[in-house]
Amino acid sequence: MLAPVAAFLLATALPAQDASELLNRMKAMEDRIHALENEVQTLKAQQAPAAALQPQPAPVAPQPVPLPSVDTASLGGAGGAAAKVLNPDISVIGDFIGAVGSHGGRPTPSLEMHESEVGFQEVIDPYARADFFISFGEKGVNLEEGYITFTALPAGLQLKAGKMRAAFGRVNTTHNHVLPWIDRPLVTQNLVGGEDGINDAGLSLSRILPAPKGLFLEGIAQVFRGDSDGVFSAIRRTNVSAVGHLHGYHDISESTNIDFGASYARGHSPFADASNQLYGLDATFHWKPLRRAIYHSFIARSEFIWARTNVDSPGQIRSLAKPFGFYVAGDYQVGRRWMFGARFDRSQRGNCLPTIPETTAPCVNDLDTEARFRNFTLRQDTGGSILLTYLPSEFSLIRTQFRRARYGEGLTANELLFQFQFSMGAHGAHPF
Amino acid sequence: MNYSFNSNFPWAPTERIPFNMKNLSVTRDRSTLVAISRVASATNRKVRQNMFKKKYCALATLLLAVIPLQAASKINVMTATEDIAALAREVGGDLVTAEAIAKGYQDPHFVEPKPSFLLKLQKADLLAVVGLQLEIGWLPPLITQSRNPRIQPNQPGYMDMSQYCQILEIPQGQVTRAMGDVHPLGNPHYWLNPDNGRRMAKALADKFGSIQPANAAQFAARYADFDKRLTEAEKGWDAKFAPYKGKKVITYHRSWPNFCERFGLVVADYVEPKPGIPPTPAHTLDLINLMKREGIKLILVEPYFDLRTPNSIASKVDGQVLVLMPSVGGNKEITNYFQLFDYDINALINAFAKLK
């Protein structure tokens, strides 16, 4: 009954078209209410005879029991278990690695539960989400990543704060279980901090940049405390490290695309009271026919990294090492469960500068520190690998990798690595 | 010496007024100076008035140009699959643009989260997803990286279509991966029942109406029209398919429970031993025996699965493999929701007729 009055009041403030529309909608709502009322009456009428047909219980002496409640509303909240729905997604990924053969001066254990990565991921509030990845080794625990991502910032910006893998190239951002190999390329081991890489506490700001049609461009700027084993070392608060990454992507066709990037990192050198700089270029080519995406795919990837590492020792003139390294790799999926891969890598490194895993070959003049740096030279390691991967399901894989490497000291490694990787729980999908 | 009036606002339309002092026979006479100043101030006033008029005209034109643009702006809808996009076009008409991430001939469980999708998601007003963890392997990182607060989960621009539909095969009891790549929240291929299609269309029309209240009546009318056409089409499909009700089939993946329940087909078993697990020799042998025992001749396969195993099974039982389309866009003929059922029902009828 109030509808026409309300509509009139509103109509005075609204244009004629809106008012008539409002009236129509209210009329529709009234009709709907009448229909529902009729439905309720019909249902009540059906229930009444049914109740009348129920056999009447024999008369018994009045019992002091409460009358059956006529309150049909559901009382109380959800059970205690309902609170668990707010728990984060939890996942565990196991990585078991074995190695046989000669290691050529970079030994790894014969059998090792290399890593158990535990992930906790959940939305925090309407403005942000959080991701934690805790890596358990056989002996210790390491916070691999733990950061908040602000997803609702203005101007197309995205901010991350916490500990994270720096956006330097491709391999550095990749967790172990997403790598197409059992190990990491020589250039990562020699110049970018090995398995942990540039992984530090800091802030990351990114934005999708304007670009010509068909091209995706993203800019990422990061600031870290400046501590990453073998790459950066902060001895003062001002020794922060900075990483910049320009990421490009282009769809060549619906099945093929190319992804490319340029990276720069600068921080305090762990070998001198000076800077350490890294420059990187990366490119990845993907082919995956959409109609047969689960059976066939090919990925070719490569990264080139240049370093400018300052090294000095007490009383000596600082010297600048400029090592360079790269890898080229390809993976071809031949069936739903089988994948072949190959990788060629080459990397220079400063003589006696640490690598991860560590090179145990004796340095020239190892005991004479000053002479060691005075005769600073570059060594070159070269390696090649072939891989075969079997995937019983999406949640496990078995991989073997034959690796041959010739290290700068003249030692050669011929190793057969094998890996069992298995995951359980809800592990969030990784970005492209 | 020439003086001219010049605006402080270089972007505003201005008028240059020549004011030649020599022509005014300049004297030291006070009255003449007053007269000059009066003429000058009158001229300035006129010019200022003219300028304001022009400014307001420009502003009004600008407003007039902007208002219709805003009113006519389309709702930018991104969807996980082509089916939802097709339904969005049905009820949205010219007032929405709808684009799907996964193609109709692509396995919707496995889509690459390409950065090019981010550019589209960044501008979306609405993201409508299938839900029930169908897109769990690829959509969450795209949503997070989209930098679009509107389409984040549980925000007004995020729609989980499964919330509006009848869901089958909701696992009871303990769910483990020993059951294969099982969907713990229920089977996500629910759009293959027109009743669910109708529910999705209604939900989309309501959502569009809430985004653009001015056009709510139009969306409601378009939905009413869609509902009517779908009801008519269903009558036709039911009549055509009536002779085949109760027929048993084998399907590759568990993509068809809603379709089969609606049109009366019985799924006897699957080519996959468990969801997401490729066929194994032992299960294939069991399947051949089952088909021989029960006289099942038809194997339904989605366009993204390999046909070798189904063909080999079919050859052993003198049966047939039929590639049935689970989504709009599965092939070039299927461009809308009606054509999806037209195609599948005709293909099934033809296949059954051949097998007689």
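**Exercise 1.** Determine which residue stands opposite B:Thr251 in strand 9 of chain B, and describe the sheet to which this pairing belongs.

*Solution.* In this predicted model, B:Thr251 stands opposite B:Leu300 in strand 9 of chain B. Helices (H or I, at least four residues) and strands (E, at least two) are DSSP runs, numbered from the N terminus, and two strands pair if DSSP finds at least two bridges between them. Strand 7 (residues 248-251) of chain B is joined to strand 9 of chain B by 2 bridges, and the two run parallel. Widening the view, 4 strands of chain B form an open sheet with parallel pairing, in the order 8-7-9-10. Its edge strands, each paired on one side only, are strand 8 (266-270) and strand 10 of chain B. Neighbouring strands of this sheet are turned by 35° against each other on average, with direction ignored; axes are lines fitted to C-alpha atoms, for helices over the stretch in contact, and angles run from 0 to 180 degrees between N-to-C directions.

A note on conventions: residues are numbered from 1 along each chain as its sequence is written, while chains are lettered from A and ligands numbered from 1 in the order in which they are written. Local features need pLDDT of at least 70 and side-chain atom pairs count only at pLDDT 80 or more, whereas totals for chains, interfaces and linings use all residues.

**Exercise 2.** Find which strands of chain B helix 8 lies across, and then examine helix 10 of chain B.

*Solution.* Helix 8 (residues 281-294) of chain B lies across strand 7 and strand 8 of chain B, running at about 150° to strand 8; here two residues are in contact if their C-beta atoms, placed from the backbone, lie within 7 Å. Helix 10 of chain B packs on the sheet by touching strand 9 and strand 10 of chain B, and its direction makes about 170° with that of strand 10.

Next, check the length of helix 10 (residues 337-355) of chain B: at 1.5 Å a residue its 19 residues should span 27 Å, which agrees with the 28 Å between its end C-alpha atoms. The expected span is 1.5 Å times one less than the number of residues.

Finally, consider burial, where a residue is buried if 20 or more other C-beta atoms lie within 10 Å of its own, exposed if 12 or fewer, and partly exposed in between. The buried residues of helix 10 of chain B include B:Phe338, B:Phe341 and B:Leu348. The buried residues of this helix pack against helix 2 (82-92), helix 5, helix 6 (216-241), strand 9 (298-301) and strand 10 (320-323) of chain B.

**Exercise 3.** Describe the other parallel sheet of chain B, with strand order 4-3-5-6, and the helix lying across its strands.

*Solution.* This open sheet has 4 strands with parallel pairing, and its edge strands are strand 4 (96-100) and strand 6 (158-160) of chain B. The twist averages 20° from one strand to the next. Strand 3 (residues 75-79) and strand 4 of chain B pair over 5 bridges in the parallel sense, with B:Ile75 opposite B:Val96. Helix 5 (residues 194-211) of chain B lies across strand 3, strand 4, strand 5 (126-129) and strand 6 of chain B, at about 165° to strand 5.

**Exercise 4.** Identify the strands of chain A that pair with strand 8 of chain A.

*Solution.* Strand 7 (residues 215-224) of chain A is joined to strand 8 (residues 241-251) of chain A by 10 bridges in an antiparallel arrangement. Strand 8 of chain A also pairs in the antiparallel sense with strand 9 (residues 256-268) of chain A, over 10 bridges, and these two strands form a hairpin with 4 residues between them.
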